[in-house]
Amino acid sequence: MNKRPSAGKHALRLFLARLWPHPLAVSKKHIIIAGLGAGTGLMLTSLLSHWMLGELNLWFVAPVGASAVLLFGVPASPLAQPWAIIGGNSLSALTGVVVCQLIPDPAIACGVAACVAILLMFQLRCLHPPGGAVALTAVLGGPAVQQLGYHFVLTPVLLNSLILALLALLFNNLAGRRYPHPLAPEEVKPEPVAMPVPLTRDDLHQALQGGELLDIDEDDLQALLLRAEEIAQRRQFG
């Protein structure tokens, strides 16, 4: 009878401990490059939005800012690749405009626009989280956005996305990052390397800390390596 409360308290302590933020494994160089790149990109896109919309539309700040964090902060993520931002934002903007014209109720239109945008982004391999905010912007962006209609998809959404993607290409490659991140089919892939020495969590932390930020922590990476090792052993020994 006394073990259950103790086990419950232990589980609660573990859960609360998970809420404590872990240090980000990323070098100072990449932190500086991320800040400079995002700041430059947002200044240019803000000026463009102000020129196109006649005002600095607050609804459009959220998706562009979120895109900048992904492109310059975690450029290795599949969600931050050029096609993801250009295709994801533009497709979501188009979805939002169409849904806004078909459904007059803003609350219902927001849900439908976000739902359809996410489904299409998955289908077209351009999943980009800020795209959900772009779809909502097309519905709730106010008179300035409503008057643009389908032009909202081209300017400022597509144009801003292109500017951010081009700046990400410039900044990330100048910083020594591979961007776009995936290797082309004809590029030489790294050869499998035997690991006679077991890797520790601290080894993984130091390896991650020496480069750009990856969207994975040491514990998940270690678990992934263990699963890959088990799969390799089953393949090798049948």
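A residue is called buried here when its relative accessible area is under 20%, and exposed when that value is over 50%. With that cut-off in mind, begin at helix 6 of this predicted model, where Pro-130, Gly-131, Gly-132, Val-134, Ala-135, Thr-137, Ala-138 and Val-139 are buried. Helix 6 covers residues 130-140 and is mostly covered, since eight of its eleven residues fall in the buried class. Just past the end of helix 6, select Gly-142, whose phi is positive at about 90°.

**The whole chain**

Now zoom out and colour by secondary structure: the chain has ten helices and zero strands, so there is no sheet to look for. The C-alpha trace spans about 65 × 55 × 40 Å along its principal axes, and its radius of gyration is 22 Å, where a compact globule of 238 residues would have one near 18 Å. Buried residues account for 37% of the 238 residues. Of the contacts between residues at least 6 apart in sequence, 73% join residues at least 24 apart.

If you switch on the surface, about 14,900 Å² is accessible, and 69% of that area belongs to carbon and sulfur atoms. Colouring by charge shows 15 positive and 15 negative side chains, with the centres of the two sets 9 Å apart.

**The nonpolar cores**

Next, select Leu-70, Leu-71, Phe-72, Ile-85, Leu-164 and Ala-168, which touch the most other members of the largest nonpolar core, a set of 17 residues. Helix 2 (28-53), helix 3 (58-73), helix 4 (82-102) and helix 8 (151-174) each supply at least two residues of this core. Centre the view on Ala-168, and, leaving aside neighbours within four places in sequence, you will find Ala-168 in contact with Leu-71, Phe-72, Asn-173 and Tyr-179. A second, separate core has nine residues, among them Val-97, Val-145, Val-153 and Val-157.

**Two polar residues of helix 4**

Which residues does Asn-89 contact, leaving aside its neighbours within four places in sequence? Select Asn-89 in helix 4 and display its surroundings: Ser-67, Ala-84, His-128, Pro-130, Gly-131, Val-134, Val-157 and Ser-161 are in contact with Asn-89. Two of the names in that list, Pro-130 and Gly-131, were met at the start among the buried residues of helix 6. Asn-89 counts as buried because its relative accessible area is 5%, which is under the 20% cut-off.

Then step to Ser-90, also placed in helix 4. Is Ser-90 buried or exposed? Ser-90 is buried, because its relative accessibility is 12%. Not counting residues up to four places away in sequence, Ser-90 touches Ile-85, Val-153, Val-157 and Leu-158; Ile-85 belongs to the largest core, whereas Val-153 and Val-157 belong to the second.

**Backbone features to inspect**

Go on to Pro-156, which lies in helix 8, and look at the peptide bond from Thr-155 to Pro-156, which is cis with omega near 20°. Another cis peptide bond joins Tyr-179 and Pro-180, with omega about 5°; Pro-180 lies in the loop between helix 8 and helix 9 (201-209).

Finish at Arg-125, in the loop between helix 5 (106-123) and helix 6. Arg-125 takes a positive phi of about 60°, although it is not a glycine. In contrast to the buried residues of helix 6, Arg-125 counts as exposed because its relative accessibility is 76%.

Key
Residues are numbered from 1 along each chain as its sequence is written. This is a predicted model: local features need pLDDT of at least 70, side-chain atom pairs count only at pLDDT 80 or more; totals for chains, interfaces and linings use all residues. Side-chain values use heavy atoms; hydrogens and water are left out. Helices (H or I, at least four residues) and strands (E, at least two) are DSSP runs, numbered from the N terminus. The radius of gyration is taken over C-alpha atoms; the globule rule is 2.2 Å times the number of residues to the power 0.38. Buried means under 20% relative accessible area, exposed over 50%, partly exposed in between (1.4 Å probe, protein chains only). Contact means heavy atoms within 4.5 Å. Accessible areas come from the Shrake-Rupley method with a 1.4 Å probe; for residues, only the protein chains shown count as cover. Lys and Arg count as positive and Asp and Glu as negative; His and the chain ends are not counted. The place of a charge is taken as NZ of Lys, CZ of Arg, CG of Asp or CD of Glu. A nonpolar core is a set of buried Ala, Val, Leu, Ile, Met, Phe, Trp, Tyr and Cys residues joined through side-chain atoms within 4.5 Å.
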